[in-house]
Amino acid sequence: MVKEKKKAADIEKEPKKMEKAASSANEISDAGRRNFIKAMGIIAVGAGLALTLRGVVQSIIPPSVGISGFPTLTLVDQSGNPIHTSSLKVNDPAIVAFNYPLQNEPNFLLRLGDSSNNDVAIPGGVSVSNPGGSSYASLAGQGPYKSVVASSAICQHLGCEPPNIRFYPPSSSTFPGLIECNCHGSQYDPYKGFGVVKSPTQFALPSVVISWDSATDTYQVSNMIGPTIHGHSSDLTGGTPLTSTSSTAIYNVT
Ligand code: FES
């Protein structure tokens with residue numbers, strides 16, 4: 001009789017037990033879901049952070065892509081037409097630049113003159129002041145007056161770019177006839193192969209090899225000499241190739 005009563009009581013408790021078990025299972029599954037959502041949230045935040053950091057790192061370190069050799073490119077205007085000597089102003093106070101050999105490697109294009117804005121023939125063969133590295137001979141000016149020269153526009157000290165670094169014509173009251181970088185005061189002489197005039201830079205601005213076709217009065221760039229362009233392990237790496245394989249366009253930096 002007692003046994004039967006107990007059995008009846010047990011049967012009565014059974015649904016409650018099952019209910020409790022189901023409730024625990026739900027709680028466990030809720031907790032699992034919450035943990036899963038939390039984990040996904042952490043992964044998403046982590047991925048976002050990684051992308052942001054990658055962007056920051058990429059802005060500091062140029063991508064390690066590049067090209068296998070120096071291309072020969074015609075200097076053209078923004079419409080793609082070859083530039084002629086008359087397109088270049090002697091001692092132009094504006095900053096005229098072109099990218100070469102990669103997109104993130106800007107260069108100055110200068111038609112050098114005296115203080116009266118007459119072309120000055122640049123002889124070439126001058127020993128370039130390059131205290132941090134070996135010396136080398138400067139390139140001669142090109143064009144009908146041998147006055148057109150070009151160099152990297154990236155400061156060899158810590159990499160400042162135009163307009164922080166720029167050419168000051170001989171008639172200028174400040175830095176006459178020099179390229180000066182206002183980041184820390186480095187100075188270079190474009191009349192003598194872009195050699196160092198004043199530190200903190202220890203390296204000359206790398207020169208761009210230009211040739212002039214007298215028949216068409218057009219200009220081509222085909223190489224660089226001197227130190228490696230600042231911020232690059234070689235002139236040919238650490239940036240994106242130019243979009244054209246036959247020309248590079250000049251532009252003004254303001
Ligand atoms: S970056 Fe040009 S002087 Fe320092």
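Select strands S2 and S3 (residues 106-111) to begin: the two run antiparallel and are joined by three bridges. The coordinates belong to a predicted model. Within this pair, look at phenylalanine 98, whose bridge partner in S3 is asparagine 107. The connection from S2 to S3 is a hairpin of six residues.

Stay in that connection and pick proline 101, which sits in the loop between S2 and S3. The peptide bond leading from tyrosine 100 to proline 101 is cis, and its omega is near -5 degrees. Most peptide bonds are trans.

Now select S2 by itself, residues 95-99. Four of the five residues in S2 are buried, so the strand is mostly covered. Add strand S11, residues 247-253, to the selection: S11 and S2 run antiparallel, with four bridges between them. Valine 96 faces asparagine 252 of S11.

Next, go to lysine 146, in the loop between S3 and S4. Its phi is near 55 degrees, a positive value in a residue that is not glycine. Lysine 146 counts as partly exposed because 17 other C-beta atoms lie within 10 Å, and the buried class starts at 20.

Move on to proline 163, in the loop between strand S4 (148-152) and strand S5 (165-168). The bond from proline 162 to proline 163 is cis, with omega near 10 degrees.

From proline 162, draw a distance to cysteine 181: the two C-alpha atoms are 8.5 Å apart, while the residues are separated by 19 positions along the chain. Cysteine 181 belongs to strand S6 (residues 178-181). Is cysteine 181 buried or exposed? It counts as buried because it has 26 C-beta neighbours inside 10 Å. To show its surroundings, select Cys155, His157, Cys160, Asn164, Ile165 and Ser186; cysteine 181 touches these, leaving aside residues up to four places away in sequence.

Then select aspartate 217, in the loop between strand S9 (207-213) and strand S10 (218-225). Here too phi is positive in a residue other than glycine, near 50 degrees. Aspartate 217 is partly exposed, since 15 other C-beta atoms lie within 10 Å.

Finally, show the whole protein chain, coloured by element. One helix and eleven strands appear, and the helix comes before the strands when read from the N terminus. Of the 254 residues, 33% count as buried. Among contacts between residues at least 6 apart in sequence, 61% join residues at least 24 apart.

Terms used. Residues are numbered from 1 along each chain as its sequence is written. This is a predicted model: local features need pLDDT of at least 70, side-chain atom pairs count only at pLDDT 80 or more; totals for chains, interfaces and linings use all residues. A residue is buried if 20 or more other C-beta atoms lie within 10 Å of its own, exposed if 12 or fewer, and partly exposed in between; C-beta atoms are placed from the backbone. Two residues are in contact if their C-beta atoms, placed from the backbone, lie within 7 Å. Two strands pair if DSSP finds at least two bridges between them.
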